[in-house]
Amino acid sequence: MKRICYIISLFALCLTYNQAHAQRCLPGMKGLQVTGGMADGVHWNSKSDFAYYFGTAMSTYTKNGNRWVIGGEYLEKHYPYKDLQIPVSQFTGEGGYYVNFLSDRKKTFFAALGLSALAGYETVNWGGKTLYDGARLNNKDAFVYGCAATLEMELYLVDFIALTASLRERFLWGGSMGVCHTEYGIGVKFIIN
């Protein structure tokens with residue numbers, strides 16, 4: 001009986017030794033990513049200014065796990081005014097390149113740095129200029145442009161689904177929200193081919 005167990009164990013070891021791991025992040029693969037999170041700090045109190053974002057992006061992989069990214073993002077920040085929250089919203093498009101700088105041997109974890117160009121539109125209070133008490137907003141809707149630097153980590157659950165975490169600094173000019181915005185969030189990526 002011990003001999004049979006030994007042979008079965010040896011056979012199982014031979015089956016798993018030097019086995020090929022999943023083929024991830026190969027040139028030409030495409031991934032669809034959905035992300036969301038908070039911006040400009042954590043604000044759990046609705047009376048303070050708080051911001052959130054969500055977006056979607058399409059990635060096309062190149063050599064060494066690097067990738068081109070094209071996507072869109074929505075960011076909304078609320079500014080307190082008396083007992084009212086005034087929303088400022090940005091709709092931006094992104095195009096950039098992410099360089100993979102860290103991965104494990106089994107290709108389940110990746111870390112990448114990315115630079116992107118951003119352009120879009122900003123609206124203040126959805127175009128409403130007069131507030132309930134007669135106050136008037138001087139800020140106008142505007143086109144915004146700039147860039148973003150991103151640190152992103154991916155953890156593959158299976159070959160075609162990965163969880164992502166990102167830390168991002170956006171620099172946008174032309175709007176009324178200010179130039180710098182720090183975003184941090186989580187997401188999910190689906191490899192579609």
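This report describes the fold, the buried charged residues and the nonpolar cores of a predicted model.

## Overall architecture

The chain contains one helix and eight strands. Read from the N terminus, the order of elements is α-β-β-β-β-β-β-β-β.

Of the 193 residues in the chain, 36% are buried. Among contacts with a separation of 6 or more, 59% join residues that stand 24 or more positions apart. The exposed area of the chain is about 11300 Å², and 68% of this area comes from carbon and sulfur atoms.

## Glu73 and its surroundings

Glu73 belongs to strand S3, which spans residues 67–81. Its relative accessibility is 10%, and because the limit for a buried residue is under 20%, Glu73 counts as buried. Beyond four places in sequence, Glu73 touches Tyr53, Phe54, Gly55, Gln90, Phe91, Thr92, Arg168, Arg170 and Glu183.

Two arginines from this list also pair with Glu73 through specific atoms. The side chain of Arg168 makes a polar contact with the side chain of Glu73 at 3.4 Å. Arg170 forms a salt bridge with Glu73, with 2.5 Å between the closest N and O atoms. Arg170 lies in strand S7 (residues 161–173) and Glu73 in strand S3, so this pair ties together parts of the chain that are 97 residues apart in sequence. Arg170 is itself buried, at 1% relative accessibility.

## Salt bridges

Side chains of opposite charge can pair when their charged atoms come close. The whole structure holds eight salt bridges. One of them joins the side chains of Arg67 and Glu152, at 2.2 Å from N to O. Since Arg67 is in strand S3 and Glu152 in strand S6 (residues 142–158), the bridge ties together parts that are 85 residues apart in sequence. Both partners count as buried: Arg67 has a relative accessibility of 3%, and Glu152 has one of 6%.

Another salt bridge connects Glu154 with Lys189, whose closest N and O atoms are 2.5 Å apart. This pair links distant parts of the chain, with Glu154 in strand S6 and Lys189 in strand S8 (residues 180–191), 35 residues apart. Glu154 and Lys189 are both buried. Salt bridges also form a network, which links Glu73, Glu94, Arg168, Arg170 and Glu183.

## Nonpolar cores

In soluble globular proteins, nonpolar side chains tend to be buried together. The largest nonpolar core in this model has ten residues: Ala39, Ala51, Tyr53, Leu75, Ile86, Val88, Val124, Leu131, Leu137 and Met177. Strand S2 (51–61) and strand S4 (84–103) are the elements that give two or more residues to this core. A further core of seven residues lies apart from the largest one, and includes Cys25, Phe110, Tyr156 and Ala162.

Tyr53 connects the description of the core with that of the charged residues. Tyr53 is a member of the largest core, and its contacts beyond four places in sequence include Leu75 as well as Glu73 and Glu183. Leu75 is likewise a member of that core, whereas Glu73 and Glu183 belong to the salt-bridge network. The remaining contacts of Tyr53 are Thr35, Gly36, Gly37, Met38, Tyr74, Ser166, Tyr184 and Gly185.

Notes: Residues are numbered from 1 along each chain as its sequence is written. This is a predicted model: local features need pLDDT of at least 70, side-chain atom pairs count only at pLDDT 80 or more; totals for chains, interfaces and linings use all residues. Side-chain values use heavy atoms; hydrogens and water are left out. Helices (H or I, at least four residues) and strands (E, at least two) are DSSP runs, numbered from the N terminus. Buried means under 20% relative accessible area, exposed over 50%, partly exposed in between (1.4 Å probe, protein chains only). Contact means heavy atoms within 4.5 Å. Accessible areas come from the Shrake-Rupley method with a 1.4 Å probe; for residues, only the protein chains shown count as cover. A polar contact is a pair of N or O atoms within 3.5 Å; within protein, one must be able to donate a hydrogen and the other to accept it, and residues adjacent in sequence count only if both atoms are side-chain atoms. A salt bridge is a side-chain nitrogen of Lys or Arg within 4 Å of a carboxyl oxygen of Asp or Glu. A nonpolar core is a set of buried Ala, Val, Leu, Ile, Met, Phe, Trp, Tyr and Cys residues joined through side-chain atoms within 4.5 Å.
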